[in-house]
Each structure stands twice: as structure tokens, then as C-alpha cells.
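Biologist: I should be grateful for a close look at a single part of this chain. Please place that part in the setting of the whole, and explain how its neighbours are arranged around it.

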Amino acid sequence: MLVSRVWSSVRPGLSRVLSRTLGGWSTGEGRRMDLSGIYPPVTTPFTATAEVDYGKLEENLHKLGTFPFRGFVVQGSNGEFPFLTSSERLEVVSRARQALPKDKLLLAGSGCESTQATVEMTVSMAQVGADAAMVVTPCYYRGRMSSAALIHHYTKVADLSPIPVVLYSVPANTGLDLPVDAVVTLSQHPNIVGIKDSGGDVTRIGLIVHKTRNQDFQVLAGSAGFLLASYAIGAVGGVCALANVLGAQVCQLERLCLTGQWEDAQKLQHRLIEPNTAVTRQFGIPGLKKTMDWFGYYGGPCRSPLQELSPAQEEALRLDFASNGWL
């Protein structure tokens, strides 16, 4: 029943989607979608009354579009996707696609708790413009999320997705690391093109790169704090919250790594560690949005139950940027 319903819904837009995403599962040359590069995981702007502010979303994307990013992630953790309705999630993807140049990849977070809901959200996001789906691990029943369960989940999603799938492991939010053995198995699926790993364990990232070296599988670092180390052990890029405010600097770090200028890359990486920690683990989305306000973007409020920073927290956030020469 699920297969029939999903394919019935996707069929009208399938040709358009596959054409736009480099041939769907693979390019005409037999290679899968190239994810190499930097992606800001964009925030979802809200008005003072907690409505999604699509106009501010488009403004932010137009400003961020001036940097040499490979693409953008919407509905990742920084997009507050658990707080959005299904229709809002789809509208965010649609508006983002309309605001971005066609040569910028749009990765959309389509993960839901059930396999069925994830498939349906993935298909719907493909129809409104997503180039690839970034699928977070289901985690409410984390005690039952064995490697076998996760392999089954991702395989079903990838089988039915009309666009490439990127695995997403973010244990700080889910309490669940996608096991390396599951990643290795899933890397063999023709429609699973890579993983965003936000755990910060560089040894694990290196092991994934090593274990999947015979597959056309790509690893993206999930934070700017360990971007240099990830490049050094074989990652192809990063999805970095800090790129929402220090886009030029994160792209510069990418260039330094790719051109082998490791001493300069090390110096820049050091100056990004504290600001990155501040907008991720320390102060999270409220910290990132506050910083966006300082750097000429629209951050604005979060949707409840997330709360704004206290004055003391805001001062600590400012110091993390100022002490490293960014304010």
C-alpha cells in the first residue's frame, strides 16, 4: 500500500525532479551527485508572532548567495524543523529553491520518526525543489534503533526517493549515533550518496571514509569546528552553522585545505573554534540567530519552547567572536 501510494504521488513530477538532480540517482556519466563543498544549514526566520517569515528567509538566502557555497541545507537542525508543520516544511523548501540560483544544490531535511512519513516527506520535498534529501536518524524509540532497524529504514527511504539521500547523524540532538557498520552497508545503496556527520568524532569520520573508500560515497563534516581535521582525513566538505555568519571565512578554510596550505588553514581553524562552539553546543540556535542579527542577516526569534539568550549569555557570545577578531 505504501509503495503504491508513494509512487502514485511522485509520478507527475518525477521527470522534472530527476532531470534537475543530475540524473536522479546518478549522472549521465555513471557518477553520483557531487556533494563537495560548504553548505550553510539555514535558519527558519519567524515573526514576532511566531509565524514563518518567508520574506526574511529569501532575503537571507540572497545575501548568503554571494559566497562560493556549493549549496544550502534547509530543515536541518538549525532550521527548527521539529517545530514546523508539514506544510511549513514544504513551503520553506519551495521558497528556498525559488530564491537560489539553479547551480546551488538544495539539501532538504526530510526526516520523520516513521519510515512511511519520511518517504512521503522526501517525495513531497523533491516535488517542490529539493535536489537531495538529508535524512536524520529516527530517535524517539532510540533503544530499538539497532543497525538492522536503521538499515531497513534508510533502505526503504532510498528505494522510494526520486532524489539522492544523504544520511544525517547528529547525536547531540537525537542521542543516537548512526553506527559505522550501518553506514558502510548503506553506502552501497545506489541512491545513498553520503553522510553528514555532526558528532565531532574525527576518528569515526576517518573510519567511515576508510570503510567506504570503494564506494562512490561522500562524507560531510557537520560543523566548522572540526572542518580542517575532516578534510585532512578525506571528507569532501562541510555543513557548517558558522557559515551563516562567517561564510567567507569558512569558504577560505575550505580553499586552504584543498590547496594544501595547512599552516594557514590551522591558524584560521583555531580562530573559528570558539565562535563555532558558541553557535552550536554552547548557545545553539538562539546564539546563531543573535549572531546573524549582528552580521547583517535576519536572525530574529526562535519558535517556542526555545528561548532567547539572557544578557549574560549574549555578552559571552559576543566575547567569543570579539576575542578571535570577528567583531
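Modeller: The accessible surface of the chain comes to about 13500 Å², and carbon and sulfur atoms contribute 53% of that area. These values, like those that follow, are computed from a predicted model. Of the 327 residues in the chain, 53% are buried. The C-alpha trace spans about 55 × 45 × 40 Å along its principal axes. In secondary structure, the chain comprises 14 helices and eight strands. Its radius of gyration is 19 Å, close to the 20 Å given by the globule rule for 327 residues, so the chain is as compact as a globular protein of that length. Among contacts with a separation of 6 or more, 74% are between residues 24 or more positions apart.

The part chosen for the close look is strand β4, which covers residues 132–136. Five of its five residues are buried, and the strand is therefore largely enclosed by the rest of the structure. Burial applies to both faces: Ala 132, Met 134 and Val 136 lie on one side, Ala 133 and Val 135 on the other, and all of them are buried.

On one edge of the description stands strand β3, residues 105–109, which runs parallel to β4 and is joined to it by three bridges. Within this pairing, Ala 108 has Ala 133 of β4 as its bridge partner. Between the two strands the chain passes through helix α5, residues 115–127, in a right-handed β-α-β crossover.

Strand β5, residues 165–169, is also parallel to β4, and four bridges join the two. Here Met 134 stands opposite Val 166 of β5. A right-handed β-α-β unit is formed by β4, helix α6 (residues 147–160) and β5.

A residue from helix α4 completes the picture. Arg 97 belongs to this helix, which covers residues 86–99. With a relative accessible area of 12%, Arg 97 falls under the 20% cut-off and is therefore buried. Its side chain reaches the backbone oxygen of Pro 101 at 2.9 Å. Leaving aside residues up to four places away in sequence, Arg 97 touches Lys 102, Lys 104, Leu 106, Val 128, Gly 129 and Asp 131. Of these contacts, Leu 106 lies within the residue range of β3, 105–109.

In summary, β4 is a buried strand that pairs in parallel with β3 and with β5.

Note on methods:
Residues are numbered from 1 along each chain as its sequence is written. This is a predicted model: local features need pLDDT of at least 70, side-chain atom pairs count only at pLDDT 80 or more; totals for chains, interfaces and linings use all residues. Side-chain values use heavy atoms; hydrogens and water are left out. Buried means under 20% relative accessible area, exposed over 50%, partly exposed in between (1.4 Å probe, protein chains only). Two strands pair if DSSP finds at least two bridges between them. A crossover is right-handed if, with the strands pointing away from the viewer, the path from the first strand over the helix to the second runs clockwise. A polar contact is a pair of N or O atoms within 3.5 Å; within protein, one must be able to donate a hydrogen and the other to accept it, and residues adjacent in sequence count only if both atoms are side-chain atoms. Contact means heavy atoms within 4.5 Å. The radius of gyration is taken over C-alpha atoms; the globule rule is 2.2 Å times the number of residues to the power 0.38. Accessible areas come from the Shrake-Rupley method with a 1.4 Å probe; for residues, only the protein chains shown count as cover.
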